[in-house]
Amino acid sequence: MVITERRVDAVKQPEGKRYYPLMLDMKGKNCVIVGGGTVAQRKAEALLEAGAEVTLISPSFTAQLEQRALSGEMPPRLIRERYRPGMPELGEAFLVFAATDVTEINSAVRLEAESLGKLVTVANDAAGSGFIVPAVVRRGKLVIAVSTEGASPGTARKVKRELEQMFGDEYETYLELLQQLRVLVQSIVGDTAERQAIFRAILDLELLAWIRSGRFDEQAGRELALRIAADPTEAGIRQLDEWIRRLD
Ligand SMILES: C[C@@]1(CC(=O)O)C2=NC(=C\c3[nH]c(c(CCC(=O)O)c3CC(=O)O)Cc3[nH]c(c(CC(=O)O)c3CCC(=O)O)/C=C3\N/C(=C\2)[C@@H](CCC(=O)O)[C@]3(C)CC(=O)O)/[C@H]1CCC(=O)O
Ligand SMILES: NC(=O)c1ccc[n+]([C@@H]2O[C@H](COP(=O)([O-])OP(=O)(O)OC[C@H]3O[C@@H](n4cnc5c(N)ncnc54)[C@H](O)[C@@H]3O)[C@@H](O)[C@H]2O)c1
């Protein structure tokens, strides 16, 4: 019992870090992942989805990575070698991922990448990473990223699953519509304060319920835009809920 207590007491709390979340434009950006296992695969898939160019360095790769390298647009590049310092790919990278199952190799990758001024993440060492990756829910242009700052990745995943239940596919249509209306209002209302009041009024409309009901379509969206263009004022927009309800 005493031994167990000592063990528990000896566990050091990782030093507190306060991360800064951001959205990176990865289109065409070079990313190097050292490792070819399940973690490397997960990071590669997300990077490819974001339009990055992905190079993986590892003596072996998961079957899925092998498959992905043969098919589809923008296949990942697989370099079938063990990592060694001085590989040119690292110098060309925008982001570096050290994702082998060998701590010493991951540390060597981190040191070299850092000496080259690269942002690097280490799969088994959050404290030694320049960035970490959140769990992500996407609904069209709605992106919800969940992080526990490395405290419990499983919890990040669990919260993501809960959010997936809360935020349905209707958000995809909703954000497309809001984007169109925003551009429209920006083009016809010059006054910033008035524009902000209009945007707030649009957010108060019961558009989500309308979309969820299945009765909203392209024609309805057009009609809504025409009504807003005809009376682009806060008061005018606040009256639109009545029109939406009458459509039911
Ligand atoms: C969110 C997600 C994004 C992604 O990877 O894309 C992600 N890990 C995910 C899943 C997951 N990871 C692990 C399990 C097994 C269960 C468990 O151990 O809890 C599961 C669950 C599963 O696989 O089901 C094990 C694990 N993870 C890390 C270590 C090393 C360590 O802790 O040092 C170990 C081994 C620990 C050990 O063996 O002892 C480290 C990291 N994992 C992170 C991200 C970063 C912190 C995120 C945050 O909390 O903010 C960080 C710090 C670095 C990084 O990778 O960026 C993705 C969910 C994607 C999704 O579902 O959408
Ligand atoms: N960050 C995360 O989300 C997360 C999740 C689970 C596990 N982990 C940790 O990440 C590490 C990797 O996990 P995994 O499940 O992908 O392991 P894995 O065993 O599936 O893959 C390890 C990969 O590293 C490669 N490798 C080994 N030596 C190498 C070298 N010298 N050069 C290049 N590649 C080399 C292997 O070929 C293999 O492809 C583990 O240390 C694990 O604890 C992290």
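A quick definition before we look around: a lining residue is one with an atom within 4 Å of a pocket grid point. Keep in mind that this is a predicted model.

Let's start with the overall layout. The domain assignment splits the chain into domain 1 (30-133), domain 2 (134-167) and domain 3 (169-247). If you take the C-alpha centres of domain 1 and domain 3, they sit 44 Å apart.

Now for the pockets. The largest pocket holds about 2000 Å³ of space. It has 47 lining residues, and I132, V133, P134, A135 and V136 are the ones closest to its centre. Several elements each give two or more residues to that lining: α2 (38-49), β4 (95-98), β5 (119-122), β6 (135-139), β7 (142-146) and α6 (153-166). Among these, α2 makes the largest contribution, with 7 residues.

Why does the largest pocket lie between domain 1 and domain 2? Both domain 1 (30-133) and domain 2 (134-167) supply residues to its lining, so the pocket ends up between them. As for the chemistry of the walls, the lining of this largest pocket breaks down into 30 nonpolar, 11 charged and 6 polar residues.

There's also a second largest pocket to look at, with about 300 Å³ of space. Here 17 residues form the lining, and S58, P59, T100, D101 and V102 lie nearest the centre. In this second largest pocket, the lining comes to 8 nonpolar, 6 polar and 3 charged residues.

Definitions and conventions
Residues are numbered from 1 along each chain as its sequence is written. Chains are lettered from A and ligands numbered from 1 in the order in which they are written. This is a predicted model: local features need pLDDT of at least 70, side-chain atom pairs count only at pLDDT 80 or more; totals for chains, interfaces and linings use all residues. Side-chain values use heavy atoms; hydrogens and water are left out. Domain bounds come from an automatic or database domain assignment. On a 1 Å grid over the protein atoms alone, a cavity is a set of points where a 1.4 Å probe fits but cannot get out, and a pocket is an open set with protein on both sides within 12 Å along at least five of seven lines; lining residues have an atom within 4 Å of a point. Grid points are joined across faces, edges and corners, and a volume is the space filled by probe spheres set on the points. Helices (H or I, at least four residues) and strands (E, at least two) are DSSP runs, numbered from the N terminus. Ala, Val, Leu, Ile, Met, Phe, Trp, Tyr, Cys and Pro count as nonpolar, Asp, Glu, Lys and Arg as charged, and the others, Gly among them, as polar.
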